[in-house]
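Subject: Structure for you to look at

Hello,

Here is the structure I promised to pass on. Please open it alongside this message, and my notes follow below.

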Amino acid sequence: MREDINHTKNEIDLYWRAANYLTVAQIFLQDNLTMERELRFNDLKERFSGHWGTSPGINYIYAHINLFVKKYRLNTMVVIGVGHAGAALMSNLFLDGTLKRYYKEFDFSKEGVEKFVRSCGYYGIRSEINPQMPGTIYDGGELGYSMAVAQGAVMDKADLVCFCMIGDGETESGTITASFLASRLLKDANSGIVIPIIHLNGYKMGNPSVLSFFSDEELVQYFSGIGYEPVITEACYEPMAAAFDKIGVKVSDMHKKGCRNKLPLLIVKSEKGWTMPLHDGHHMTGIDTHKIPIENIRSNDCSLRYLEDWLKSYKPESIFSVDGSLRKEVLNILPKENLCVGDCLSRIYGKYFSYVQELPKLEKFENTKGKVVSSMERADTYLCEVIHKNRNVRVMSPDELKSNQLYVLAQNCTQGYGKVLEVLNENICMGWSQGYIQTGGIPLIVTYEAFAPIMTSMLAQYEKYIYQAKLLKWRKEVGSLNIILTSLWWKNTYSHQNPEFLNALTAKQWNFIHVYFPVDGNMFLVILEKMLLTKNRINAVVITKNPVQQVLNLSEARKAVGRGIVYWNLQYDFAVYDIVVVLIGECAFAEANACRSWIDRNLGGIRVLFLSLINLRLMDRKLGDENEFFHMWNGIRESTPVVFVFHGYPSVIRQLLFDDKGNRSISILGYQDKSMMSAPIEVKLAVNDMSRYDIVFEIITLLHKNEKISRRKYKMFADSVMKSKKELIKGCYDICGEF
């Protein structure tokens, strides 16, 4: 028995030394990659890229995960949240053969090893975890959401085990802490199991980690208290192997019984920078090893000799054959190819869908034209039927479904056991969604628009992920991130009105982001169907929960969404109109409707075109100018003024129109973060200068500048309109102050 243990220990050690050697080589070397001769200065890369300190611990954990999979034959993937882990992950993806399936040149020959090492870092594969690395499902530039992504990845995949490596510094982030708590909601036997592994090396980037001040007893008490069975182990073979055996038995038992109580959690203790030799009599571990741990290496021969000794300490002669190729015995601990950890995503893509199997007919849920009702009512029952018909569709919301009048969906949310999940944390919903998408799922996040900006940083990282993934031909298409933004112009504005998330969605003008503004329930239904059917996109729809008049039947709504524009009074060629009013959002549409009779009565002979823009991204020429918006834009005369009445901040429209304004006279009415808590919506709109009175005022001002109405009429109309606006807000004036 002892002989078997020593044999396996030696195999782990050999694999681990190979992973460490390749990690160091990626950071420093461009030549002499298998140490066939003495190291020279010109063997070094022009620029060093990567981080060393965390890598040896990650490599050791990864080696044991491979052994675990080989022994227990479980379908397993790994999510690495530890910061700066790219070089370590690449070493393991190279060793398990994943890389050569996607990058044919990275085989195990001498040439393959050399190409692999040279390609990592600057001018090649990025040194942070990113989509260039097969098997990854997020971009590692931001710490804190690996656990939520891992939890989303196992949803609806009962046979999947996901090890999530978490840095001890990363545990200080709010999203990781919330993810530990949220695991209590994920007890669905149809979903897989996430096993957290905390990589406790004592430091984050610049300081000791908070967890490093915990005693072992405190660590056990803390993680036991939030629902885990923690195991603490030093990074050495026998306790690590025993810990993974304990996990294997626990997981196998969970699979048999279908329960998800008291998940195992592993805490692995090691030194940061572990395995570096002594340098001038000092241990090279701790905070100074975080990134590039050798100074002046390009000009100091002693430093170069130290790097040489460091690389030789991993015994490259046992890793590489005489011809420079990788020795086969290095790979003895790896599971068979059909259980390869690094390439787990390819098995998931082959087994789970990334598209909806069946959508119910919208006609069943059609709103009656002319009826005043919340657009949420029919969408609620529609989404419930979508979830019922599709095993890979889920709804995630920060505790707001009932508030948003999605009562049927809320009934399906029973303590997290169903396909509808509520947790009071937007970042968790975002992380769950990303993991779910990248493993074949299609999520919908439903949240108040005012709180969506909490997800802005995560959104930016996911945008980068999509951009990079779309450049890689071997990356499979996946479903879209779908976000429903609600609760706008509600009774508790000020606090619940914040369209800042729209700025984040449109700022970089990615061609895979679409933002929709339906004006009634039938349009909302058509947009939901469209969003669910898209791939590799981010879709957002902005919708009120207030009762609104249903203005289009389903057939008319389909045409409007297909064109991206609905014209409310188009009777002539575009060039005939004296002014165009572009409405974006339900309140803009309602306020324009309220002032149209005044315009018809007082501006006879003046042709004013009203239209609603349904898809905001049609204003972006990067999507191509062969769309209905630019058909209208190019059709009107350049002298024709345009008024935009926009649900969000005017800056969004300005940036979208920056290259297309020309000499046109343009006015933008938009939200300005002014409000009164107890005031009706009409008053709030007036305070923000985007009410029916402001629309009329902008129209007559621009017409006067174009000499379409006289100065006398302009002054008369302007005085009358502004007087009406002041009277509207007069009741709130003394309480709220002057605006």
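Do keep in mind that this is a predicted model. I'll begin with helix α18, which covers residues 521-533, 13 residues in total. From its first C-alpha to its last the helix reaches 19 Å, close to the 18 Å expected at 1.5 Å a residue. Most of α18 is covered, with 11 of its 13 residues buried. Among those buried residues are Phe524, Leu525, Val526, Ile527 and Leu528, and also Asn522 and Glu529. At the N-terminal end, Asp520 acts as the cap of α18: one of its side-chain oxygens is 3.4 Å from the backbone nitrogen of Asn522.

Next, the nonpolar interior. The largest nonpolar core contains 188 residues, and Leu307, Trp432, Leu616 and Phe644 have the most contacts inside it. Helix α1 (residues 2-28) gives the most to this core, 12 residues. Leaving aside neighbours within four places in sequence, Leu307 touches Val24, Phe28, Leu29, Leu39, Leu44, Ile294 and Ile297. Another core, of 74 residues, lies apart from the largest one and includes Ala560, Ile579, Cys595 and Ile606.

Finally, the empty space. There are 5 cavities of 30 Å³ or more, and the largest holds about 160 Å³. Its lining is made of 18 residues, of which Val154, Ser183, Leu186, Lys187 and Gly192 are the closest to the centre. Both α6 (146-154) and β3 (193-200) supply at least two residues of that lining, and α6 has the largest share, with 3 residues.

Happy browsing, and best wishes

How values were computed:
Residues numbered from 1 in each chain as written. Predicted model: local features only at pLDDT ≥ 70, side-chain atom pairs only at ≥ 80, totals over all residues. Heavy atoms only, no water. Helix = DSSP H or I, 4+ residues; strand = E, 2+ residues; numbered from the N terminus. Expected span 1.5 Å × (residues − 1). Buried < 20%, exposed > 50% of the residue type's maximum accessible area, 1.4 Å probe, protein only. Polar contact = N/O pair within 3.5 Å; in protein donor to acceptor, adjacent residues only side chain to side chain. Core = buried A, V, L, I, M, F, W, Y, C linked by side-chain atoms within 4.5 Å. Contact = heavy atoms within 4.5 Å. 1 Å grid on protein atoms, 1.4 Å probe; cavity = no way out; pocket = protein on both sides within 12 Å on 5 of 7 lines; lining within 4 Å. Points joined across faces, edges and corners; volume = space filled by probe spheres on them.
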